[in-house]
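Here's a quick briefing to get you started on this protein. Have a look at the sequence and the model first, then we'll walk through it together.

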Amino acid sequence: MPRVYTNRRAHYEYELLERFEAGISLTGSEVKSIRAGGVDFRDAFARLHGGNVDLEGLYIPAYKEATYNNHEPRRTRRLLLNRMEILKLKKGLEQKGLTLVPTRLYQKGQYFKVELALARGKKLHDKRRADAEKTVRRELREL
């Protein structure tokens, strides 16, 4: 059963506007470490750099059984998108207040994919309203 890692904090901190699916360039020890578990999105973000999209700050722990050429846990990883998607992202990031946030990491077939979202940061009152709506929905379900 493939694991799906989600960035729950992104749903709380940001209003997710548009989502994209991207491949991710990984080393062998990173793949084994993801399958073993322990991915952390805490400081992860994506950045457009020289016509490419890079994922920075994603924590994939070092694989214990790897040899001397183990990976660095927080290295920058290239995301694989086609040119039209990159242009769409670039156009979206030019708007004020939008950022690119990774929301999920999952396995699709033999490849690992990252779901990115163009997002706008929520204000404190938006977070409070979302929490109130969540509690109302929970109370209605219980009845």
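How much area does the protein expose, and what share of it do carbon and sulfur atoms supply? The answer is about 9700 Å², with carbon and sulfur atoms supplying 49%. Keep in mind that this is a predicted model. We'll start with the whole chain and then zoom in on a few residues.

**The big picture**

- The protein has 143 residues, and 34% of them are buried.
- If you picture the C-alpha trace along its principal axes, it spans about 55 × 40 × 25 Å.
- Count up the secondary structure and you get four helices and seven strands.
- Starting at the N terminus, those elements come in the order β-α-β-α-β-β-β-α-β-β-α.
- Take the contacts in the protein with a separation of 6 or more: 67% of them are between residues 24 or more positions apart.

**How the strands pair up**

- Strand β2 covers residues 14–24 and strand β7 covers residues 111–121; the two run antiparallel and are joined by nine bridges.
- To find one of these spots in the model, look for R19, whose bridge partner in β7 is A117.
- Strand β2 also pairs with β5, again in the antiparallel sense, this time over two bridges.
- Here, you can look for G23, which stands opposite L80 in β5.
- A handy thing to know while you're looking at strands: in a regular one, the side chains alternate between the two faces of the sheet.

**Zooming in on R77**

- R77 sits in strand β5, which covers residues 77–80.
- Is R77 buried or exposed? R77 counts as buried because its relative accessible area is 1%, and the cut-off for buried is under 20%.
- What does the side chain of R77 reach? One of its polar atoms lies 3.0 Å from the backbone oxygen of L58.
- The R77 side chain also reaches the backbone oxygen of R75, at 2.9 Å.
- Setting aside neighbours within four places in sequence, R77 still touches plenty of residues, among them I24, S25, L26, E30, V53 and D54.
- That same contact list for R77 also includes L55, L58, I60, H71 and E72.

**Salt bridges**

- Some background first: side chains of opposite charge can pair when their charged atoms come close.
- How many salt bridges does the structure hold? There are eleven of them.
- One of them is between E13 and K127, with the closest N and O atoms 3.1 Å apart.
- This pair links distant parts of the chain, since E13 is in helix α1 (residues 8–13) and K127 is in helix α4, 114 residues apart.
- E13 is partly exposed at 24% relative accessibility, while K127 is buried at 14%.
- E13 and K127 aren't on their own, either: together with R9 they are linked in a network of salt bridges.
- Another salt bridge brings together the side chains of R75 and E30, at 2.8 Å from N to O.
- R75 is in the loop between β4 (52–56) and β5, and E30 is in helix α2 (residues 28–36), so this pair ties together parts that are 45 residues apart in sequence.
- R75 is partly exposed, with 24% relative accessibility, whereas E30 is buried, with a relative accessible area of 0%.
- D126 and R129 form a salt bridge too, with their side chains meeting at 3.6 Å, N to O.
- Why are D126 and R129 separated by about one helical turn? It's because they are three residues apart in helix α4.
- D126 is partly exposed, with a relative accessible area of 23%, and R129 is partly exposed as well, at 47%.

**A nonpolar patch on the surface**

- V136, L140 and L143 make a nonpolar surface patch of about 370 Å².
- L140, one of those three, lies in helix α4, which covers residues 124–142.
- L140 counts as exposed because its relative accessibility is 60%, and exposed means over 50%.

Definitions and conventions. Residues are numbered from 1 along each chain as its sequence is written. This is a predicted model: local features need pLDDT of at least 70, side-chain atom pairs count only at pLDDT 80 or more; totals for chains, interfaces and linings use all residues. Side-chain values use heavy atoms; hydrogens and water are left out. Buried means under 20% relative accessible area, exposed over 50%, partly exposed in between (1.4 Å probe, protein chains only). A polar contact is a pair of N or O atoms within 3.5 Å; within protein, one must be able to donate a hydrogen and the other to accept it, and residues adjacent in sequence count only if both atoms are side-chain atoms. Contact means heavy atoms within 4.5 Å. Patches are made of residues with over 30% relative accessible area and no salt bridge: like charges are joined within 9 Å, nonpolar side chains (Val, Leu, Ile, Met, Phe, Trp, Tyr) within 5 Å. Accessible areas come from the Shrake-Rupley method with a 1.4 Å probe; for residues, only the protein chains shown count as cover. A salt bridge is a side-chain nitrogen of Lys or Arg within 4 Å of a carboxyl oxygen of Asp or Glu. Two strands pair if DSSP finds at least two bridges between them.
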